Amino acid sequence: MAEEEGDVDEDDVFLAFAHGPPPRGPLHRALDKAFFIFLAFFLTLLMLEALYKLLWPLPWAKFGDWLLGTPQKEEELEL
């Protein structure tokens, strides 16, 4: 096997991989950035939804009516 390889040392083969991947172009970098922004946004929404579902059964959840701007007084005025 060594005779078929010629004059190539094992160290030379490992050095070829030591430089890392080739640099990415501007399009790939923009796509990577857009993907990570989307991923962060999506995970943030998932975490907020999970937090909302966990905190909803608490007794002070009625505070949400005031927070959303639907007080009971307005409902009574409409009737």
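Let's start at one side chain: lysine 53 is exposed, with a relative accessible area of 58%. In this predicted model, lysine 53 has a partner, since its side chain meets that of glutamate 49 in a salt bridge, 3.3 Å from N to O. Why can these two reach each other along the chain? Lysine 53 and glutamate 49 sit four residues apart in helix 3, so about one helical turn separates them. Glutamate 49 is a bit of an in-between case: with 40% relative accessibility, it counts as partly exposed. As a general point, side chains of opposite charge can pair when their charged atoms come close.

Now step back and take in the whole chain. Its secondary structure amounts to five helices and zero strands, and if you read along the sequence you get the pattern α-α-α-α-α. Of the 79 residues, just 3% count as buried. The chain exposes about 8200 Å², and 69% of that is supplied by carbon and sulfur atoms.

How far does the predictor trust its own picture? The mean pLDDT of the chain is 76, and 53% of the residues reach 70 or more. The confidence isn't spread evenly over the elements: helix 1 (residues 2-5) has the lowest mean pLDDT, at 53, while helix 3 has the highest, at 94. Helix 3 covers residues 26-55, and it's where we'll spend most of our time.

Back to the charged side chains, then. A search of the whole structure turns up two salt bridges, and you've already met the one between lysine 53 and glutamate 49. In the other, aspartate 32 joins arginine 24, with the closest N and O atoms 3.0 Å apart. Are these two partners buried or exposed? Neither label quite fits: aspartate 32 is partly exposed, with a relative accessible area of 28%, and arginine 24 is partly exposed too, at 46%.

Next, have a look at the greasy side of things. Phe35, Phe36, Phe38, Leu39, Phe42, Leu43 and Leu46 form a nonpolar patch on the surface, and together they have about 690 Å² of accessible area. Take leucine 43 as one of these residues: it lies in helix 3 and is partly exposed, with a relative accessible area of 44%. Membership of a patch calls for over 30% relative accessible area, so leucine 43, at 44%, clears that bar.

Two phenylalanines of the patch also have something going on between themselves. The structure holds two aromatic pairs. One of them is made by phenylalanine 38 and phenylalanine 42, which are stacked: their rings are 6.0 Å apart centre to centre, with 20° between the planes. Where do these two sit? Both phenylalanine 38 and phenylalanine 42 lie in helix 3, four residues apart, or about one turn of the helix. Phenylalanine 38 is exposed, with a relative accessible area of 52%, whereas phenylalanine 42 is partly exposed at 41%. The cut-off for exposed is over 50%, which is why phenylalanine 38 gets that label and phenylalanine 42 does not.

Technical notes. Residues numbered from 1 in each chain as written. Predicted model: local features only at pLDDT ≥ 70, side-chain atom pairs only at ≥ 80, totals over all residues. Heavy atoms only, no water. Buried < 20%, exposed > 50% of the residue type's maximum accessible area, 1.4 Å probe, protein only. Areas by Shrake-Rupley, 256 points an atom, 1.4 Å probe, with all protein chains shown as cover. Patch = residues over 30% accessible without salt bridge, like charges linked within 9 Å, V, L, I, M, F, W, Y side chains within 5 Å. Salt bridge = Lys/Arg side-chain N within 4 Å of Asp/Glu carboxyl O. Phe/Tyr/Trp six-rings, centres within 6.5 Å; stacked < 30°, edge-to-face > 60°. pLDDT = per-residue confidence, 0-100.
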